[in-house]
Amino acid sequence: MFKKEIHKIRLMPSGQFFHAPRGRVLLEALFEAGIFLRTDCGGKGRCGKCMLKIITADHSEISPPDRTEQEVLGKRLVDSGYRLACRLRVCCDLVIEIPENSLQSPDIVRKGTVAPFLRPPFPVSEYPPRGIDTYALAVDLGTTTIALYLCDLVSRAVVASISVKNPQAIYGDDVMSRISAIAGNHNTLARLQALAVRAVEWGAVSLCRSTNIDPEKLKKMVIVGNSVMIHLFAGEDPSSIGICPHKPLFVEEKTFSAEEIGFDLSPSIKIQTLPLISGFLGSDIVAAGIATEIENSPKGTMLVDLGTNGEILLSAKDGFWATSCATGPAFEGATISHGMHAVSGAIDGVRIDRRTGEIVCSVLQYDLDKPKKPSGICGSGAVSAVAELLRTGVILENGRFNPDIHFPNLRYSDSGVFEFELISGENSQTGRPITLTQRDIRLIQLAKGALRSGIELVCRETGIEQPEKLLVAGAFGSFVIKGDALTIGMFPGLFEENIEVVGNAAGAGAILSLFDRGFLSRAKKLIHAIKVLDLSSHPAFQETFISFLPFSK
Ligand code: FES
């Protein structure tokens, strides 16, 4: 029988509809239509956040929920017609209903809280902006998280900011998985580009709506990111970065019209990407370097930008040295069982009373009028929890739970996983306990091992024992508790006063580029002075990595 290639997806109760090709994962089809669901697990079918209700469908066409989906949703929801959008393929016309909780809610920050570190500080404008009429967007396009800053070009102020999960995660958590996805299917490049563009557009619409700014007044957008992200955004194939010698197709800055890039929101907007250094060192570390004025910092200053990749830039005697290490997305709260990015409701710090065993978690709240119960743990929260578990002896230096300790919160879950409960089901937003598993601890351990190896090998290359001063950047870097990071051995043995947490410096650099005409020439000058250390082919990497796996200082 003839099967339609395009199906109609109708959303209830609004009755709006869109079309999606047969075989497309429903979550991706929704993203492409500009409907952003929560995807805390990156579309892996683990978090249950993308659930929606199927109202009408041809059930002879839809595959029934598999075991994972049944486990995540539970019998009651499955029997009521709920499915996970990331597990369901479009194979017939559908009428669906998306619960409010499944939609990404824009966590917009208007004042200060996550405004990036800027030197000299730029004002964050009062809301409503006093505003004049020309606005621009600075975008830090990360592998896991996209940060957007709405800027007033006249008053040179950040009006509001938002972070959005990168929907490309459904094609893999890291850049190499996304490159592999392209190799397997020649349509994937266009789909990855569309996902990034739709996510940036969704963030831009949310920012404009919340500040009553007409999107037509957006005149410019500057995008920074790692080299693969920038290639994907530009619609260029990043495959050459995936194979030795990891050469990008281009390193220079590029300018696009909104139409060229498929950006529907504001047709007159001019979109610019900033120059890259190499295949694994993108414009994000360049922007971060300029924002933190690394060019003028004393020798021995090291900037570490922590995202899904850890990028390291050292001001050395003979110029600048840079490298990139694969830390994975754990520092951004992705891939860990109850991980989430640093938005309201995320646990960002943990303390355990040695005497009573009482656990106190600090929870991020951007809107104090509407405080949220904890719903997950962000990267800095995970590092803080691991540090406390080490201090209390619940985990050992090798990263394993201590079999000889009795602690009421350490137990086997219903599914047989050994885990430590931080928040009980009654006290969490989702009704499910928030826990840290052995696997989560392992992910933090691997990330810190990769980072320390990068720091160590750059120092060795330049003949210094360790950096004199460390600038820690990235969304993770905004909230990390220095003492906790030192306890798990993330950083060399510096005094806390020699570690400066500088927030999203890449985002700050993107903002600065909107305000400062000299930015591009400074960026090019810095790139010219940088020598790149390639860890992927470094003979001492493996041995160094293994030596830094234990949680020792
Ligand atoms: S279960 Fe679908 S995104 Fe997590």
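Student: Which residue of β7 stands opposite L137?

Tutor: L137 faces L150 in β7. Please note that this is a predicted model, in which local features need pLDDT of at least 70 and side-chain atom pairs count only at pLDDT 80 or more, while totals for chains, interfaces and linings use all residues. Residues are numbered from 1 along each chain as its sequence is written, and side-chain values use heavy atoms, with hydrogens and water left out.

Student: How many bridges join β6 to β7, and do they run parallel or antiparallel?

Tutor: β6 and β7 run antiparallel and are joined by 7 bridges. Strands count as paired if DSSP finds at least two bridges between them. The strands are DSSP runs of E with at least two residues, the helices are runs of H or I with at least four, and both are numbered from the N terminus.

Student: What joins β6 to β7 along the chain?

Tutor: A hairpin makes that connection, through 3 residues.

Student: In which sense do β6 and β9 pair?

Tutor: β6 pairs with β9, which spans residues 218-225, in the parallel sense, over 7 bridges. Within that pairing, A138 of β6 stands opposite V222 of β9.

Student: How many residues of β6 are buried?

Tutor: All 7 of the 7 residues in β6, which covers 135-141, are buried, so the strand is largely enclosed by the rest of the structure. Buried means under 20% relative accessible area, exposed means over 50%, and partly exposed lies in between (1.4 Å probe, protein chains only).

Student: And which residues are on each side of β6?

Tutor: One side carries Y135, L137, V139 and L141, and the other carries A136, A138 and D140. Both faces are covered, since every one of these residues is buried. In a regular strand, side chains alternate between the two faces of the sheet.

Student: Changing topic: how many aromatic pairs does a search of the whole structure find?

Tutor: The search finds 6 aromatic pairs. Rings of Phe, Tyr and Trp (its six-membered ring) pair if their centres lie within 6.5 Å; planes under 30 degrees apart are stacked, over 60 edge-to-face, and the rest tilted.

Student: Why is the pair of F401 and F418 edge-to-face?

Tutor: The ring planes of F401 and F418 stand at 70° with their centres 5.2 Å apart, so the pair is edge-to-face. This pair links distant parts of the chain, 17 residues apart: F401 belongs to the loop between α9 (379-391) and β18, and F418 belongs to strand β19.

Student: What is the relative accessible area of F401?

Tutor: F401 has a relative accessible area of 4% and is buried, whereas F418 counts as partly exposed at 26%.

Student: What about F541 and F545: how far is it centre to centre?

Tutor: The distance is 5.8 Å centre to centre, with 10° between the planes, and the pair is stacked. F541 and F545 are 4 residues apart in helix α15 (residues 541-547), so about one helical turn separates them. F541 is buried at 18% relative accessible area, and F545 is also buried, at 15%.

Student: Which residues form one aromatic cluster?

Tutor: F31, F36 and W202 make up one such cluster.

Student: On to the largest pocket: how many residues line it, and which lie nearest its centre?

Tutor: The lining has 44 residues, with R38, N101, S102, L103 and Q104 nearest the centre. On a 1 Å grid over the protein atoms alone, a pocket is an open set of points with protein on both sides within 12 Å along at least five of seven lines; a cavity is a set where a 1.4 Å probe fits but cannot get out; lining residues have an atom within 4 Å of a point.

Student: Which element gives the most to that lining of the largest pocket?

Tutor: Helix α5 gives the most, with 6 residues. At least two lining residues each come from β1 (6-12), α2 (67-73), β8 (157-165) and α5 (188-211).

Student: And the largest cavity: which residues lie nearest its centre?

Tutor: D140, T145, E332, A475 and N504 lie nearest the centre, in a lining of 35 residues. D140 is also one of the buried residues of β6. Helix α11 gives the most to the lining of this cavity, with 4 residues. Elements that supply at least two residues each include β7 (145-152), β12 (301-306) and α11 (475-479).

Student: Which residues line the second largest cavity?

Tutor: Among them are D40, C41, G42, T144 and K165. The lining also includes N166, A169, D173, P329, A334 and T335.
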